[in-house]
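Subject: Structure handover and findings

Hello,

Here is the structure for your files. My notes on pockets, cysteines and strand pairing follow it.

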Amino acid sequence: MSADPLLSIGVFARRSWLSMKALRLYDRLGLLTPAHVDPVTGRRGYRESQLFTARLIGMLRRLDMPLAQVAAIVTASGPAGADLLADYWAALERRRAAQAELVSMLRLSLAGGDGRFDAFTVRERDVPEHLVLTARRHLRPADLSCWLRETRAELVRAAAACGGVVAEVFVIFHGAVTADSDGPVEVCVPVARVGGTEPPSRIEPAHREAYVRVTKAQFELPQILSAYDAVERWIGENGLRAAGSPREIYRSGVDVPTAELAEEICDVAYPIQ
């Protein structure tokens with residue numbers, strides 16, 4: 001008897017706990033190819049040794065993992081597959097934590113309360129005048145994150161010739177970025193000086209501002225909108241008014257994509273009078 005017998009698709013499906021429909025799909029995708037296809041009948045046959053891969057695919061799919069990521073793990077060599085699985089699960093946990101934060105906010109909103117603001121403590125501070133390298137663009141939501149990331153990195157690199165970055169990088173939203181509005185959005189990198197070959201620069205005036213600190217779990221849309229709402233509400237309740245466009249001030253040394261959920265990412269602030 002062969003040490004690795006050929007199994008019919010029916011037997012293989014039963015032993016792998018996958019349907020024959022799923023096996024045919026995985027064959028079309030090149031994810032799990034039959035060891036033998038009869039040239040006359042077209043019947044598929046699988047080696048018993050392929051059961052490990054089939055069961056692995058089935059277990060990964062039970063994690064709601066997209067087929068593209070399943071394929072990457074199944075075809076990875078050595079411990080790389082385990083690393084890919086760990087990355088997937090970490091991203092899933094971050095997403096679920098953000099969703100849990102959103103559900104909590106929605107429950108409070110639907111109940112008619114203002115408890116969604118309880119997570120934010122509004123503070124005031126004086127901000128000195130800054131010379132900033134700047135880039136401004138009109139954007140749609142789909143392009144915002146990529147443009148912010150690339151532009152911030154470009155301006156930080158340019159700042160090396162200007163005495164370096166001397167304060168926290170911030171982004172000013174001169175207009176909303178929605179399906180109906182395209183900003184504009186401005187990235188500002190404070191520097192010590194400018195010469196003649198750097199990106200455009202300007203003076204950001206000294207001002208007083210009201211702000212709240214935002215964690216990674218609160219940073220994603222639409223959760224972060226509650227941070228803006230909390231500051232706006234506080235300004236109105238204290239008889240003040242906004243004296244400029246809202247901004248996000250990113251904490252130095254924090255890498256947003258890899259930050260822990262409880263880590264403080266940025267401040268949401270409004271200049272006030």
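To begin with the cysteines: why is the sulfur of Cys188 not in a bond with the closest cysteine sulfur, in Cys162? The two sulfurs are 14 Å apart, which is too far for a bond. Please keep in mind here and below that this is a predicted model. Cys188 itself is buried, with a relative accessible area of 0%.

The search over the whole structure returned 0 disulfides. Cys146 is therefore also unpaired: Cys266 holds the cysteine sulfur nearest to that of Cys146, at 19 Å, whereas a disulfide needs the two sulfur atoms within 2.5 Å. Unlike the buried Cys188, Cys146 is partly exposed, its relative accessible area being 32%.

Pockets

The largest pocket has a volume of about 1000 Å³. Its lining consists of 27 residues, and those nearest the centre are Leu144, Ser145, Leu148, Phe219 and Glu248. By class, the lining of this pocket comprises 18 nonpolar, 3 polar and 6 charged residues. At least two lining residues come from each of helix H6 (141–159), strand E6 (170–173), helix H7 (216–219), helix H8 (224–237) and strand E10 (247–250). H6 contributes the most, with 6 residues.

The second largest pocket has a volume of about 190 Å³. Around it are 14 lining residues, with Val127, His130, Glu168, Phe170 and Ile249 nearest the centre. Two or more of the lining residues come from each of strand E4 (123–127), strand E9 (207–215) and E10. E4 gives the most, 3 residues. The lining of the second largest pocket splits into 6 nonpolar, 2 polar and 6 charged residues.

E10 thus appears in both lists, supplying at least two residues to the lining of the largest pocket and two or more to that of the second largest.

Strand pairing

Strand E3 (residues 44–47) pairs with strand E1 (residues 6–8) in the antiparallel sense, over 3 bridges. In this pairing Leu6 is opposite Arg47 of E3. E3 also pairs with strand E2 (residues 36–37), again antiparallel, over 2 bridges. There, His36 lies opposite Gly45 of E3. E2 and E3 make a hairpin with 6 residues between them, and Gly42 in the turn has a positive phi of about 80°.

Regards

Methods: Residues are numbered from 1 along each chain as its sequence is written. This is a predicted model: local features need pLDDT of at least 70, side-chain atom pairs count only at pLDDT 80 or more; totals for chains, interfaces and linings use all residues. Side-chain values use heavy atoms; hydrogens and water are left out. On a 1 Å grid over the protein atoms alone, a cavity is a set of points where a 1.4 Å probe fits but cannot get out, and a pocket is an open set with protein on both sides within 12 Å along at least five of seven lines; lining residues have an atom within 4 Å of a point. Grid points are joined across faces, edges and corners, and a volume is the space filled by probe spheres set on the points. Helices (H or I, at least four residues) and strands (E, at least two) are DSSP runs, numbered from the N terminus. Ala, Val, Leu, Ile, Met, Phe, Trp, Tyr, Cys and Pro count as nonpolar, Asp, Glu, Lys and Arg as charged, and the others, Gly among them, as polar. Buried means under 20% relative accessible area, exposed over 50%, partly exposed in between (1.4 Å probe, protein chains only). Two strands pair if DSSP finds at least two bridges between them.
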